[in-house]
Amino acid sequence: MGLARLIKYGYILYGQTRDGKTATGHILSGNPLKGAKISGEDMVEATTSRNKTAKIGNTMVSETAIPNYFEVKMNNPMYPKDETFVIDTPGYGDTKGVLRILANGFYHYRLYSKVENMKFILCFDHAHVRNTCEKFIDTIIQWTSSFKNYFDNRKDIWKSCVFLFTKVD
């Protein structure tokens, strides 16, 4: 699976680095996760070999270099089982520098041209919705700026979007 194939239905995960996009992709595709506390830090990892290249980051360094594709098994006749994917994109504020940021722009462009029916899941660490909400606001700005004609299409874009708050106790 990659950016070359047309995808009928896609749920595209967006958010800052470390906001739980990859873990969300695993959960939505039915991959079980396990958690542990190591050196006082909460750690999460997938417990199946499905999507084994989609590594969940447990440090401040980003793990997702290219989009991960998770096939979704749905029991909804509107969404054929073999044509529905959750797509985990590299995070905004990526820790790998300017070349990764440019690559992310390319991935967004290709996703928009290869996913026929898309919905957007904006992932936010719940801790980002405190005080000034800087990362929360920045994620929304980064996401909306990824659309060429955002102001002409904003109503349709927002109808296709949900907010998902992650890492909630």
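This briefing covers the sheet, the helices, the nonpolar cores and two backbone details of the structure above. The model is predicted. Its five-stranded open sheet has the order β4-β5-β1-β6-β7, with mixed pairing. The largest nonpolar core has 21 residues, and β1, β5, β6, α3 and α4 each give two or more residues to it.

**Sheet**

- The edge strands are β4 and β7, each of which pairs on one side only.
- Neighbouring strands of the sheet are turned against each other by 25° on average, direction ignored.
- β1 and β6 run parallel and are joined by eight bridges; G10 stands opposite M118 of β6.
- On its other pairing, β1 (residues 7-15) runs parallel to β5 and is joined to it by five bridges, with I12 and I87 as bridge partners.
- β4 (residues 68-71) is antiparallel to β5, with four bridges between the two strands; here F70 has V86 as its bridge partner.

**Strand β5**

- β5 spans residues 84-88 and is mostly covered, with five of its five residues buried.
- T84, V86 and D88 point one way from the strand, while F85 and I87 point the other way.
- Residues on both sides of β5 are buried, D88 and T84 among them.

**Helices on the sheet**

- α1 packs on the sheet and touches β1, β4, β5, β6 and β7. The direction of α1 makes about 145° with that of β1.
- α3 also packs on the sheet, where it touches β1, β6 and β7. The direction of α3 makes about 165° with that of β6.

**Helix α3 and its partner α4**

- The buried residues of α3 (residues 134-144) are F136, T139, I140, W143 and T144. They lie on the same side of the helix because they cover an arc of only 120° around its axis.
- These buried residues pack against β1, β6 (115-125), α4 (150-159) and β7 (161-166).
- The axes of α3 and α4 are 12 Å apart and the two helices pack at an angle of about 115°.
- α3 contributes I140, W143 and T144 to this contact, and α4 contributes Y150, I157 and W158.
- By type, the residues of the contact are five nonpolar, one polar and no charged.

**Nonpolar cores**

- Within the 21-residue core, the residues with the most contacts are I12, Y14, I87, V115, F120, L122 and W143.
- β6 supplies the largest share of this core, five residues.
- A second core of eight residues is separate from it and includes Y11, L13, A54 and V86.
- Neighbours within four places in sequence aside, I12 contacts I87, T89, L111, V115, M118, K119, F120 and I121. I87 is thus listed both as a contact of I12 and as its bridge partner in β5.

**Backbone details**

- Most residues other than glycine have a negative phi.
- R18 has a positive phi, near 80°, and is found in the loop between β1 and α1 (21-28).
- R18 counts as partly exposed because its relative accessibility is 27%, above the 20% under which a residue is buried.
- C133 likewise has a positive phi, near 60°, and is found in the loop between β6 and α3.

Notes:
Residues are numbered from 1 along each chain as its sequence is written. This is a predicted model: local features need pLDDT of at least 70, side-chain atom pairs count only at pLDDT 80 or more; totals for chains, interfaces and linings use all residues. Side-chain values use heavy atoms; hydrogens and water are left out. Buried means under 20% relative accessible area, exposed over 50%, partly exposed in between (1.4 Å probe, protein chains only). Two strands pair if DSSP finds at least two bridges between them. The arc is that of the directions from the helix axis to the C-beta atoms. Contact means heavy atoms within 4.5 Å. A nonpolar core is a set of buried Ala, Val, Leu, Ile, Met, Phe, Trp, Tyr and Cys residues joined through side-chain atoms within 4.5 Å. Axes are lines fitted to C-alpha atoms, for helices over the stretch in contact, and angles run from 0 to 180 degrees between N-to-C directions. Ala, Val, Leu, Ile, Met, Phe, Trp, Tyr, Cys and Pro count as nonpolar, Asp, Glu, Lys and Arg as charged, and the others, Gly among them, as polar.
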